[in-house]
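This briefing describes the arrangement of the sheet, the helices that pack on it, the nonpolar cores and the aromatic pairs. Please consult the sequence and the structure shown here alongside the text.

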Amino acid sequence: LTLGRVGLVLVLCSQAFAATLQARAAALEGSGFSAPAWRSSPLIQVARTLPSDAIIYSNKPGGLWLAVRRQPILLSPQERGYRSEDFWPVSEDFLQAVSCSEAYLVWLESGSSFLYRPEELRRYVELEVLHQDADGRIFRLTPLPASVTPSDGCPSGGATSRGAAGS
């Protein structure tokens, strides 16, 4: 072997060793959304207390699901397609869910740019802040007072009188 090849083998071995140490630490201590600091954050603690029959929207539904282990957690409404400049209106499904079900938005501050931000969603629904910290915010979603129940109505079991009941 030449000196150059020996050096290359040493560099590759040291990189493999470093990657193995990182992988082992991540497996033992968690990483990203599975890290103990994330799972025990105040935001996640509040998200775990949301009603079990509520619909939860989030800009990071996969990460939130890993922490709270419940369904449904849906992607927050998209403002445009991924890597697209074409704007999309807020979906009728989202508006119907907010009108017919108890719905919440868990917004993580390290969010996505192709989704409607909470401030932009205020044009379509009311957002009541339930919790706010460095990790993000949790909102209760309710229909705007001027909005009407979706033309399809609510599926059986939906809370069509939800706005009238003052909940």
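Helix H4 (residues 61-68) lies across S1, S2 and S3, and its direction runs at about 165° to S2. Helix H5 also packs on the sheet, where it touches S1, S3, S4 and S5; the direction of H5 makes about 80° with that of S5. The model is predicted, and the points below are grouped by topic.

**Sheet architecture**

- An open sheet is formed by 5 strands in the order S2-S1-S3-S5-S4, with mixed pairing.
- Strand S2 (73-75) and S4 occupy the edges; each has a single partner strand, so one side of each is left without a neighbour in the sheet.
- On average, and with direction ignored, neighbouring strands of this sheet are turned by 30° against each other.
- The pairing of S1 with S2 is parallel and comprises 3 bridges.
- Within S2, leucine 74 stands opposite tyrosine 57.
- S4 and S5 run antiparallel and are joined by 8 bridges.
- The connection from S4 to S5 is a hairpin through 2 residues.
- Leucine 127 has leucine 141, in S5, as its bridge partner.

**Nonpolar cores**

- The largest nonpolar core contains 17 residues.
- The residues with the most contacts inside this core are Tyr57, Phe94, Leu105, Leu121, Val125, Leu127 and Leu141.
- Two or more residues of this core come from each of S1, H5, strand S3 (103-108), strand S4 (125-133) and strand S5 (136-143).
- Beyond its neighbours within four places in sequence, leucine 127 is in contact with Leu105, Pro118, Leu121, Arg122, Phe139, Arg140 and Leu141.
- Another core lies apart from the largest one and has 15 residues, among them Val68, Ile73, Tyr104 and Ile138.

**Aromatic pairs**

- How many aromatic pairs does a search of the whole structure find? The search finds 2.
- The rings of tyrosine 57 and phenylalanine 94 have centres 4.9 Å apart and planes at 75°, so this pair is edge-to-face.
- This pair links distant parts of the chain: tyrosine 57 belongs to strand S1 (residues 55-58) and phenylalanine 94 to helix H5 (residues 92-100), with their positions 37 residues apart in the numbering.
- Both tyrosine 57 and phenylalanine 94 are buried.
- In the pair of tyrosine 116 and tyrosine 124, the ring centres are 5.7 Å apart and the planes stand at 75°, so the pair is edge-to-face.
- Tyrosine 116 counts as buried because its relative accessibility is 4%.
- Tyrosine 124 counts as partly exposed because its relative accessibility is 26%.

**Serine 41 and its polar contact**

- Where is serine 41 found? Serine 41 is in the loop between helix H2 (36-39) and helix H3 (42-48).
- Is serine 41 buried or exposed? At 4% relative accessibility, under the 20% cut-off, serine 41 counts as buried.
- The side chain of serine 41 is joined to that of aspartate 135 by a polar contact of 3.3 Å.

Definitions and conventions
Residues numbered from 1 in each chain as written. Predicted model: local features only at pLDDT ≥ 70, side-chain atom pairs only at ≥ 80, totals over all residues. Heavy atoms only, no water. Phe/Tyr/Trp six-rings, centres within 6.5 Å; stacked < 30°, edge-to-face > 60°. Helix = DSSP H or I, 4+ residues; strand = E, 2+ residues; numbered from the N terminus. Buried < 20%, exposed > 50% of the residue type's maximum accessible area, 1.4 Å probe, protein only. Polar contact = N/O pair within 3.5 Å; in protein donor to acceptor, adjacent residues only side chain to side chain. Core = buried A, V, L, I, M, F, W, Y, C linked by side-chain atoms within 4.5 Å. Contact = heavy atoms within 4.5 Å. Pairing = 2+ DSSP bridges. Axes fitted to C-alpha atoms, helices over the stretch in contact; angles between N-to-C directions.
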